[in-house]
Amino acid sequence: MTKGALALLIHGGTDNWSPQRWKRRFDDVCAGRRVFLLPDPEIDPAEIHYAAVWKPVQGALAAFANLRVIFNLGAGVDALMADASLPDLPLVRVAVDDLTGRMTEYVVLHVLAHHRQEIYLRASQREKRWAPKQQWPASAISVGIMGLGKLGTDAARALNGLGFRVSGWSRAAKNVTGVACFHGKDQLEPFLRQTHILVCLLPLTAETRHVLDKSLLSRLDRTSPLGAPVLINAGRGGLQNEAELLACLNDGTLGAATLDVFETEPLPPDSPFWTHPNVIVTPHNAADTDPDAISRYVADQIERFEAGLALQNAVDRGRGY
Ligand code: NAP
Ligand code: GLV
């Protein structure tokens, strides 16, 4: 029996989103299944049962009358959720150890960078200034992670292992060994009040848009040896109110920030974040979606689906993540 074909709709614009690279990997892992990289004039839309996508053109998926499952090639589905014409079909997101490990590396790297005063030390080096400041232990710092899901939980465990005090905030109640767990709107306040370094790994939804605003950032604990709270946002740019975030960095509400994601990407050359002395900017590369790991994951999910098993990591359309 002919296997339903897979269409790839990929619009990333960076090296790891090279459509040809993804096509080669999917051809390798989808034995006996036709894989089309769109646009392809040879394609018969009726043949397509599966679509693996990253930021497809709005409306593009509506062309496939026999589509059964949509696979988002990243963890965050906010770009797809913004498409009102998205077919009402199962939508599966990425949740794999490869991507999780990459994000944990990023979070640990940047928590350590702020904890170990790297912004000050790099400036000292540029000025040839030998002037170490007193260094405090990890146990003096409380890291609060907004979003205690697949990524947040793994990062929390790694930071806990390094000796930081770690807490997390999610929508539903959680129980993670060694991590103080807060949940829901009512527990946001106590979560913030005891956080020195805030790590944001929330999905972007109607509820979370611009959650990182002046009101929230002013409620962080200012009493740590860091001198002022620090923000690390590797979730999505739409989670931060950028005008208020900048004001917080300028008036000392925040001491420093690491920002991987922005409302407009690539970050425009005239953005003040590029040159802010207390901001570390990275180009949305906290956790790359790797074609090797993810193509295998999608191929396995298709096999599961065709064997009558439940799809894993399906998105709840109502919640938006
Ligand atoms: P996930 O497993 O779905 O976890 C999301 C977490 O956020 C969950 O703990 C969820 O609470 C919580 N949450 C969602 N809405 C909330 C709300 N209104 N109030 C409180 N908590 C809320 O997602 P993930 O795999 O960890 O990924 C998280 C995000 O990271 C993605 O959506 C994406 O935007 C971002 N990301 C960025 C990069 C990058 O390179 N920068 C790479 C990958 C992913 P519950 O547990 O109670 O549901
Ligand atoms: C990357 O940003 C992802 O959502 O996987």
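Colleague: Which glycine follows H5, and what is the sign of its phi?

Modeller: Glycine 163 follows H5, and its phi is positive, near 100 degrees. Helices (H or I, at least four residues) and strands (E, at least two) are DSSP runs, numbered from the N terminus. This is a predicted model, where local features need pLDDT of at least 70, side-chain atom pairs count only at pLDDT 80 or more, and totals for chains, interfaces and linings use all residues. Residues are numbered from 1 along each chain as its sequence is written, chains are lettered from A and ligands numbered from 1 in the order in which they are written, and side-chain values use heavy atoms, with hydrogens and water left out.

Colleague: How many residues does H5 have, and what should they span?

Modeller: The expected span is 1.5 Å times one less than the number of residues. H5 has twelve residues, so 16 Å is expected; the end C-alpha atoms lie 17 Å apart, which agrees.

Colleague: Which residues of H5 are buried?

Modeller: Buried means under 20% relative accessible area, exposed over 50%, partly exposed in between (1.4 Å probe, protein chains only). In H5 the buried residues are Leu151, Gly152, Thr153, Ala155, Ala156 and Leu159. Their cover includes H3, strand E6 (142–146), E7 and strand E8 (179–183).

Colleague: Take alanine 156 in H5. What does it touch beyond four places in sequence?

Modeller: Contact means heavy atoms within 4.5 Å. Alanine 156 touches Ile145, Leu148, Val166 and Val179, leaving out residues up to four places away in sequence. Its relative accessible area is 0%, so alanine 156 is buried. Serine 167 is eleven residues from alanine 156 in sequence, and their C-alpha atoms are 7.5 Å apart.

Colleague: Now H9. What covers its buried residues?

Modeller: The general idea first. An α-helix has 3.6 residues a turn, so residues three or four places apart point the same way. In H9 the buried residues include Pro291, Ile294, Tyr297, Val298 and Ile302. Strand E1 (5–10), helix H1 (19–29), strand E3 (48–54) and helix H3 (97–115) are among the elements that cover the buried residues of H9. H9 (residues 291–306) has 16 residues and reaches 22 Å, close to the 22 Å expected. Glycine 308 comes just after H9, with a positive phi of about 85 degrees.

Colleague: On to the ligands. Which residues come nearest to ligand 1?

Modeller: A residue is near a molecule or strand if one of its heavy atoms lies within 4 Å of it. Around ligand 1 there are 30 residues; Lys150, Ala172, Lys174, Asp260 and Tyr321 come nearest. H3, helix H5 (150–161) and strand E7 (165–170) each supply at least two residues of this shell.

Colleague: Where are the polar atom pairs of ligand 1?

Modeller: A polar contact is a pair of N or O atoms within 3.5 Å; within protein, one must be able to donate a hydrogen and the other to accept it, and residues adjacent in sequence count only if both atoms are side-chain atoms. A polar side-chain atom of glutamate 207 is 3.0 Å from a nitrogen atom of ligand 1. For alanine 287, a polar backbone atom is 3.1 Å from an oxygen atom of ligand 1.

Colleague: Which residues surround ligand 2?

Modeller: Trp54, Gly74, Ala75, Gly76, Leu99, Arg236, His284 and Thr289. Arginine 236 places a side-chain N or O atom 2.7 Å from an oxygen atom of ligand 2. Histidine 284 has a side-chain N or O atom 2.7 Å from an oxygen atom of ligand 2. Glycine 76 uses a backbone N or O atom, 2.8 Å from an oxygen atom of ligand 2.
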